[in-house]
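User: Please take a close look at one helix in this structure and a residue within it. Then work outward from there to the rest of the chain and to the ligand, for someone who has not seen this structure before.

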Amino acid sequence: MPGIAIIGAQWGDEGKGKITHLLSGLADVVVRYGGGPNAGHTVMHDGHTYKFHQIPSGILYPHVQAIMGNGMVVDPDELWQEMETLRQAGVDFSRLMVSGNIHLIFPYHRLLDRSIEAFSGSQAIGTTGRGIGPAYTDKTARRGLRVQDLLLPEAELAERLDRALRFANTLLEHLLNAPPVSLDEMMERARAWRRWLEPFIGDAFTAVHDALAAGKTVLFEGAQGTLLDLDHGTYPFVTSSHPTTGGLLAGAGVGPHVLSRIIGVVKAFQTRVGSGPMPTEVHGPLAERLRGTGAHPWDEFGTTTGRPRRVGWLDGVALRYSVRLNGITELAITKLDVLSGLETISVAVAYELDGVEVETFPAQIASLERCRPVYEHLPGWDEDIADVRRFEDLPRAAQDYLRFIEELAGVPVSIVSVGPNTDQTILCSDNILA
Ligand code: IMP
């Protein structure tokens, strides 16, 4: 029962969309297991650019069943928009299943998200404003509404919604100075959602397990990144879910034995959106060089928010942490081509913390904030590598850089991406897509 996990090993935006798309060709089922419309996966397929937020990107392949797993939170209004855009591009949704256990993002969750950020002033997290935190808060507080609740008799649905709204409105009116939200309006919205969402609602748990039992290949498509994990990330500057292997198991409802490969997706340098410590961050011309101008969909500007991303050198300390935390078995390195033309490439191999060199990721954010990177400097390369398809055809310095990352992480690099298109990929072992 081959299950393949795709995990973002940094702060999100590692290029999981492309790697998922590449591997979806060999998958029968693709499952999203966490996050919601805060995610943004860009996929180039047959000359078109597709942007995914909530739908598993595997849907682009006609043979793939796409499942939205229980660990997600879903905004049906945004889902509708996303489906409309993809429908116009010819995507067929008969193979989409939405778990009934997914928690719903209502408009008041978005309002709460934005109002709480405004209220927090200088301590704001820099969220995507999509209602993610408040929806997961309602989930853990056990007052959230799930997709399956849309199918409840009217009176029961109204009672549950009223209970959730009383909390939301108390916060909005009395703490956040924002207007309350009306139950009638939310009921209206819920009825509309039920009308079109019902055919997609299914038992995702059984669908995933039946596929695994039949020997089918199931790809688990991660969203966000390890360092944004609610428990293990740079709390409080994190998302409200678990974009780690642990989150996959809970968010898709599978045991660890189903995973035969855990692929950590790592950008060849570091990026981050929103607030929080980032020891290897750089500024000035180098930052502009790494970020790009925003003219291309693959430049370092948020897919969901359009915000310029913070950029820096690869953080090897964080990478080792990520490998351990997720049980990563191999790495997919993305955007290696962006480093072409740099004279030297730096990689943080340790941190200096209060005068002492440390090689492990500090458990406390206050310590991380004081960490200064200890860099190893490697020679760069001048050649354009966008057309290279074999590891041995890469410039020697690029090969050395990849080998250096393997050494640092303690796991092999199996996939290297040298451009946004699916074919701009180097497979480092012959049987990787077998
Ligand atoms: P939230 O998930 O909208 O609550 O945002 C919390 C933090 O996670 C913010 O710093 C966001 O920028 C970051 N974040 C959430 N989703 C993504 C993503 O898909 N890529 C990169 N950063 C993300």
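Analyst: A helix here is a DSSP run of H or I that is at least four residues long, and helices are numbered from the N terminus. By that rule, N169 is in helix α5. The model is a predicted one.

N169 is buried because its relative accessible area is 13%, and the cut-off for buried is under 20%. Setting aside residues within four places in sequence, N169 is in contact with H174, P180 and V181. With V181 there is also a polar pair: a polar atom of the N169 side chain is 2.7 Å from the backbone nitrogen of V181. A residue 59 places away along the chain, L228, has its C-alpha atom 28 Å from that of N169.

The loop between α4 (132-140) and α5 (154-174) contains R142. R142 is not a glycine, yet its phi is positive, at about 65°. Most residues other than glycine have a negative phi. R142 has a relative accessible area of 70%, so it is classed as exposed.

Another helix to compare is α3, which covers residues 107-120 and holds H109. H109 is buried, since its relative accessible area is 2%. Apart from residues up to four places away in sequence, H109 touches L104, G131, P134, A135 and D138.

To place these parts in the whole, consider the domains. The protein is divided into domain 1, made of 3-88 + 203-427, and domain 2, made of 103-199. Over C-alpha atoms, the centres of domain 1 and domain 2 are separated by 29 Å. In the contact between them, domain 1 supplies 28 residues and domain 2 supplies 20 residues. Elsewhere, helix α7 (residues 204-213) includes F205. F205 is partly exposed, as its relative accessibility is 47%. The C-alpha atoms of F205 and G100 are 9.8 Å apart in space, although their positions lie 105 residues apart in sequence.

Both domains also take part in the surroundings of the ligand: the shell draws at least three residues from each of domain 1 and domain 2. There are 16 residues around the ligand, and the closest are D13, N38, T128, T239 and V273. By type, the shell divides into 7 nonpolar, 7 polar and 2 charged residues. T128 has a side-chain N or O atom 2.6 Å from an oxygen atom of the ligand. V273 brings a backbone N or O atom to 3.1 Å from an oxygen atom of the ligand. Q224 has a polar side-chain atom 3.3 Å from a nitrogen atom of the ligand. On its own the ligand has 470 Å² of accessible area, of which the protein covers 97%.

Next comes strand β15 (residues 330-334), where T334 is found. T334 is buried, because its relative accessible area is 4%. Leaving out neighbours within four places in sequence, the contacts of T334 are E14, G15, I19, V265, V266, K267, A268 and S417. With E14 the contact includes a polar pair, in which a polar side-chain atom of T334 is 2.5 Å from the backbone oxygen of E14.

On one side of this strand, the loop between α10 (316-326) and β15 holds G327. G327 counts as partly exposed because its relative accessibility is 35%. In sequence G327 and T244 are 83 residues apart, while their C-alpha atoms are 9.5 Å apart in space. On the other side, the loop between β15 and β16 (344-353) holds K335. K335 is another residue other than glycine with a positive phi, near 60°. Unlike exposed R142, K335 counts as buried, since its relative accessibility is 14%.

One more backbone detail remains. Y235 and P236 are joined by a cis peptide bond, with omega of about 5°. Most peptide bonds are trans. P236 sits in the loop between β10 (218-221) and α8 (245-252).

Key: Residues numbered from 1 in each chain as written. Predicted model: local features only at pLDDT ≥ 70, side-chain atom pairs only at ≥ 80, totals over all residues. Heavy atoms only, no water. Helix = DSSP H or I, 4+ residues; strand = E, 2+ residues; numbered from the N terminus. Buried < 20%, exposed > 50% of the residue type's maximum accessible area, 1.4 Å probe, protein only. Contact = heavy atoms within 4.5 Å. Near = heavy atom within 4 Å. Polar contact = N/O pair within 3.5 Å; in protein donor to acceptor, adjacent residues only side chain to side chain. Areas by Shrake-Rupley, 256 points an atom, 1.4 Å probe, with all protein chains shown as cover. Nonpolar A, V, L, I, M, F, W, Y, C, P; charged D, E, K, R; others polar. Domains from an automatic or database assignment.
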